[in-house]
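Subject: The structure we talked about

Hi there,

Here is the structure I promised to pass on. Please open it next to this email and follow along as you read.

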Amino acid sequence: MHLRDFFDLKLLDAIMKDWSKATGLATIAVDNEGNYISSEIGFTDFCMKYTRGSKEGCRRCVKCDNECTGTYYCHAGLMDFSINIMVEGQYLGKIIGGQVLPSKPDEEKFRALANELGIRPDDYIHALNKVPVKTEESIRASAKLLGDIVNMLVNFEYIKKKNASVLTVVNDEIGSAVSYINEINEKSKNLDKIENNQKILALNASIEAARAGEAGRGFSIVANKVGELAATSGSINSSIKESLKKLTAVIEKMDKAQENRF
């Protein structure tokens with residue numbers, strides 16, 4: 001199962017853009033195969049151009065991406081987050097981002113880091129000064145809010161699609177049930193004809209047995225049995241009709257409920 005199968009990725013992108021504007025945090029979404037499924041929103045040169053742009057910095061960033069979850073401090077001292085998108089216990093992707101400072105940076109510390117990563121310290125500090133500064137509490141709360149909203153919407157759309165599939169099957173089965181009921185009704189009409197013929201046959205047999213007197217006694221027994229069979233057939237046929245009537249009422253109620261479900 002893939003997120004794109006039932007969720008509007010344009011809606012996801014729009015929500016994340018609005019959230020980024022409101023919080024100042026960067027974000028992007030990936031699917032369960034590691035493919036990007038949203039725009040790169042709010043990313044800084046400090047992270048993308050310089051830190052990830054260096055060989056050692058990229059190695060450290062990838063390590064953080066693969067090993068860290070929730071809201072965490074990255075190797076460069078910024079706060080990032082990684083929140084899984086889950087549906088019925090199945091992992092469908094994640095939202096990652098952050099790239100904000102939890103407090104005013106210590107420039108000497110970042111100059112030392114620039115030297116470790118092979119980046120010109122002045123360029124690194126210039127980019128660092130453009131990174132938003134937020135409190136750790138607001139960063140964690142903002143990340144949780146985005147995760148909760150996305151997971152809620154994704155699960156809502158999944159349930160809606162799942163229910164739509166179930167309703168389609170129910171509608172199809174209702175149609176099949178109606179066809180079966182009509183077929184049984186036709187066969188029940190044939191039983192009516194057989195029942196009537198049996199009654200006529202029993203009546204004629206009784207008349208002939210009476211005319212034959214003592215010689216027709218055996219024939220009279222057969223006539224009685226045929227009459228009993230006709231009565232039994234009639235009772236069974238009536239029971240079938242009553243059951244069909246009840247079943248038809250149930251199908252009609254289900255069909256009406258389907259039409260009025262929204």
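Below is a short tour of what turned up, going from the sheet to the cores and then to some single residues.

Before you start, please keep in mind that this is a predicted model.

**The sheet**

A good place to begin is the open sheet of four strands, which run in the order 1-4-3-2 with antiparallel pairing. As general background, strands of a sheet pair through backbone hydrogen bonds, either parallel or antiparallel. The edges here are strand 1 and strand 2 (70–73), each of which pairs on one side only. On average, neighbouring strands are turned by 20 degrees against each other, ignoring direction.

You can trace the pairing residue by residue. Strand 1 runs antiparallel to strand 4 (residues 90–100), and six bridges join the two. One place to look is Thr27, whose bridge partner in strand 4 is Gly97. At the other edge, strand 2 and strand 3 are joined by four bridges, again in the antiparallel sense. There, Tyr72 has Asp80 of strand 3 as its bridge partner. Helix 1 packs on this sheet and touches strand 1, strand 3 and strand 4. The direction of helix 1 makes about 160 degrees with that of strand 1.

Are the two faces of strand 1 covered or open? Both are covered: Ala26, Ile28 and Val30 are buried on one side, and Thr27, Ala29 and Asp31 are buried on the other. That fits with the count for strand 1 (residues 26–31), where six of six residues are buried.

**The cores**

In soluble globular proteins, nonpolar side chains tend to be buried together. In this model, the largest nonpolar core has 24 residues, and Leu3, Phe6, Leu12, Phe81 and Val154 touch the most other members. Helix 1 (9–23), strand 3 (79–87), strand 4 and helix 6 (136–212) each supply at least two residues of this core. Which of them gives the most? That is helix 6, with six residues. Apart from this core lies another one, of 19 residues, including Cys74, Leu78, Leu113 and Tyr124.

**Aromatic pairs**

Searching the whole structure gives four aromatic pairs. One of them joins Phe6 and Tyr158 edge-to-face, with 5.4 Å from centre to centre and 65 degrees between the planes. Phe6 sits in the segment before helix 1 and Tyr158 in helix 6, so far along the chain that 152 residues separate them. Both Phe6 and Tyr158 are buried.

Another edge-to-face pair is Phe46 with Phe110, at 5.8 Å centre to centre and 70 degrees between the planes. Phe46 belongs to helix 2 (residues 45–51) and Phe110 to helix 4 (residues 107–117), so this pair ties together parts that are 64 residues apart in sequence. Phe46 is buried, with a relative accessible area of 1%, and Phe110 is buried too, at 4%. Ring pairs also bring in Tyr124, making a cluster of Phe46, Phe110 and Tyr124.

**A buried asparagine**

Finally, have a look at Asn151 in helix 6. Why does Asn151 count as buried? Its relative accessible area is 16%, and buried means under 20%. What does the side chain of Asn151 reach? It comes to 2.9 Å from the backbone nitrogen of Met86. Leaving aside residues up to four places away in sequence, Asn151 touches Ile83, Asn84, Ile85 and Met86.

Enjoy exploring!

Best wishes

Methods
Residues are numbered from 1 along each chain as its sequence is written. This is a predicted model: local features need pLDDT of at least 70, side-chain atom pairs count only at pLDDT 80 or more; totals for chains, interfaces and linings use all residues. Side-chain values use heavy atoms; hydrogens and water are left out. Buried means under 20% relative accessible area, exposed over 50%, partly exposed in between (1.4 Å probe, protein chains only). Two strands pair if DSSP finds at least two bridges between them. A nonpolar core is a set of buried Ala, Val, Leu, Ile, Met, Phe, Trp, Tyr and Cys residues joined through side-chain atoms within 4.5 Å. Axes are lines fitted to C-alpha atoms, for helices over the stretch in contact, and angles run from 0 to 180 degrees between N-to-C directions. Contact means heavy atoms within 4.5 Å. Rings of Phe, Tyr and Trp (its six-membered ring) pair if their centres lie within 6.5 Å; planes under 30 degrees apart count as stacked, over 60 as edge-to-face and the rest as tilted. A polar contact is a pair of N or O atoms within 3.5 Å; within protein, one must be able to donate a hydrogen and the other to accept it, and residues adjacent in sequence count only if both atoms are side-chain atoms.
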